[in-house]
Amino acid sequence: MGKKRAVILLAQCMILSLAFCGCSTFVPLSERAIVKGIYLDESNGMVQSALVVYTCAPSANTAEARSEARIYTGEGATIEQALKAAEKKQNKKPFYAQNRLLLLGPHTFDSASDYLLYFGAEEVSRANLSVFLTDTTREEFSQLEEKVSVVVEESERLMQKSKGKGSKVCGVHEIRYDENEHFYGYLPILQIHANEFTGVEELMLYDSGTPLCTLRDLAMQLTLLLSGKAQSLETTQSIEKTQTTLRTQQLFLQREIDDNGMLFIQLCGKTESLTQNGRALQGDSARQALQRYNALIDEAAQQLIHLTTQRGNDVFACGWWAEGALKEVRIQSRIRMA
Amino acid sequence: MKAKSLDTDRRWPLYAAALVCDAFIMQFGQTERFSAWETTWAVLLDTALLCGLVVLLWSNATAERAGRLWYGVSGAALLLSSACIFLDMEQFYRFCIDTPLPEAITLAVLLLVAFYACDCGWSALSRATGLLLWLLAASAVLLWIANLDKLQVTNLQPAEPKAGNLLRACVVYFRFPSALLLFGVLPSKQEGALPVKKMTWGLIGLAVVQISGAILSELVLGTGAQQYSQTMYTLARLGGLSVFHRLDAIHLCVWLLAMLMKCTILLCAAAQALYALKPALSAGKRRGILFVLLFIAIVAAAAMHSAVRQAAVTSLSALAACVLSVQGRTIWVKKEL
């Protein structure tokens, strides 16, 4: 008897909790504007917005049911007003819970902290919203309507791919601020063009909310590696006027701190392949090329440290490893032949 | 409430559920936030203090034939605590749902379930709670697994012992859980002293849940964890397993169900106290009185600021504990003599 009552009680709780899912004041799917991307830029002191909205047309034939992406633009004095203006361009109720993409246009680079703070708020967006900078202006973006679904899908693919290894994505929950609420760290730059989608090939480095420089190729990969978002390197450099490609296996960061506050980071691991003009290198030539590569990585890493930790911009959390007693950081690449 | 006696094994899930069921939900209106390190130490110190209090007050005390004062004060504490959970639950539900039901309807549905549960009796409630505790444990494990790829050890704030901060954290996190009063109110088959050991184990379990939640939040969100009003819910929204990204819906279902169960248990315990006070009343009249009292408690709790509300529950529960200590020890000594 007791068991039966327990089951009835639990079932009743569950059935009644269904009523809490919003079924009573529901909005049908066909009346929902599913936002899959937000674009924001600035012009003449006004915030310009563009919403990538997927509309669902109900159909009895499931084979015919399809959704199409539309771009609605708006403008306002604040981010909220700009978004509201874009929402009003269509008559459905916007639904932001599916949105995982925030694009910041070229005129927002200097004031990215304001946008990140706004979207970092708990009630505004989900914490897994990914932020990208883009050189594409609002006008150019709004003309991409036919191809915007590709941009959304490819960005989402980047987010999926980013799980664990080789992430070039920055979620709002990963954004860190200094005591003045200025963002420090880096943001990926998404290349969006009318003809092709090249993904992320650059990162923008920030210090106290100000863009410092863009990081490409080896510097970008080292940034991802040192911040724990990548675990291997794949780069092509010109060594003795020949294009040489290095691909490593999983790399490990060994950190040591001495009594003088010097943090010594070693990049340890083995090569997966080392090729010159598509031809695999072997023997002494491979060893020499790898030696040059290690020297190149050392140089690039040191420059990176000069741009970040030595300026007090602790992007790689070196201070954490040094327990606050950090004076200097040295990085050495010790990649060996497999 | 049917006054059918329960053995200790049946009382244990009820007590455990009443302790941990709302551990995943942070109290709204609590503006002060602390690092994982401060939270850990504050929770450990508070738990040690609570365990000490429980041992000090209730070792060699019994709730058998406890007086009207005990049932009166503990009933009031349990009723107010239940009303607070009702309000917290409704607020959390509105916080999470895009298009929530109106406040009054939500509360009416919750009250309906709670009163039905009261009618089912302790035995059914204990079995349902046993199942729910497994669901809660699964939810906690899932929360960790779904966020494994986001853990960054460098997010953990350095341990900087500042006595002022730690003291403030201890004050903010200190609660005298009304769940501790359950063993004194629930009808028991075994006669004897209050199971002080079990009570302290429950408190230790609650501390483990709170500490692991604080550490997970900081490992994933870093200093940002202190900006969120509902950190665990943020983690639930952030985490994902393979292609499943909306696990927060599952967590939400379990957590709301758990909160509902907690306020039901406390309400049933309050009904039990009322029964002990006025055994001659008919079941219908008792239900009516309980409903009116709960309504008053909800209105009173809604008028209070969340910190005041929490302080009122803690004070009433502590007062009830003191009353039981005095009465229970006297009865125990008389019995031993």
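The following paragraphs lead through selected features of chains A and B in a predicted model.

Chain A serves as the starting point. Its 338 residues include eight helices and 17 strands. Of these residues, 48% count as buried. The accessible surface of chain A amounts to about 16900 Å², and carbon and sulfur atoms contribute 48% of that surface. The contacts within the chain may also be considered by distance along the sequence. Among contacts in chain A with a separation of 6 or more, 63% join residues that are 24 or more positions apart.

In chain B, attention turns to helix 6, which spans residues 163-173. Its buried residues are Leu166(B), Ala169(B), Cys170(B) and Val172(B). These four lie on the same side of helix 6 of chain B because they cover an arc of only 165° around the axis. The other side of helix 6 of chain B carries Ala163(B), Leu167(B) and Val171(B), which are exposed. Helix 2 of chain B, residues 36-58, is included in what covers the buried residues of helix 6 of chain B.

A further part of chain B shows how two helices pack. Helix 10 (residues 248-277) and helix 11 (residues 283-303) of chain B meet at an angle of about 125°, and their axes are 11 Å apart. The angle therefore makes helix 10 of chain B oblique to helix 11 of chain B. Helix 10 of chain B contributes Leu267(B), Ala270(B), Ala271(B), Leu274(B) and Tyr275(B) to the contact, while helix 11 of chain B contributes Arg286(B), Ile289(B), Leu290(B) and Leu294(B). The crossing of helix 10 and helix 11 of chain B is right-handed.

Conventions: Residues are numbered from 1 along each chain as its sequence is written. Chains are lettered from A and ligands numbered from 1 in the order in which they are written. This is a predicted model: local features need pLDDT of at least 70, side-chain atom pairs count only at pLDDT 80 or more; totals for chains, interfaces and linings use all residues. Side-chain values use heavy atoms; hydrogens and water are left out. Buried means under 20% relative accessible area, exposed over 50%, partly exposed in between (1.4 Å probe, protein chains only). The arc is that of the directions from the helix axis to the C-beta atoms. Contact means heavy atoms within 4.5 Å. Accessible areas come from the Shrake-Rupley method with a 1.4 Å probe; for residues, only the protein chains shown count as cover. Axes are lines fitted to C-alpha atoms, for helices over the stretch in contact, and angles run from 0 to 180 degrees between N-to-C directions. Angles under 35 degrees count as roughly parallel, over 145 as roughly antiparallel, 65 to 115 as roughly perpendicular and the rest as oblique. A crossing is left-handed if the near helix is turned anticlockwise from the far one by less than a right angle, and right-handed if clockwise.
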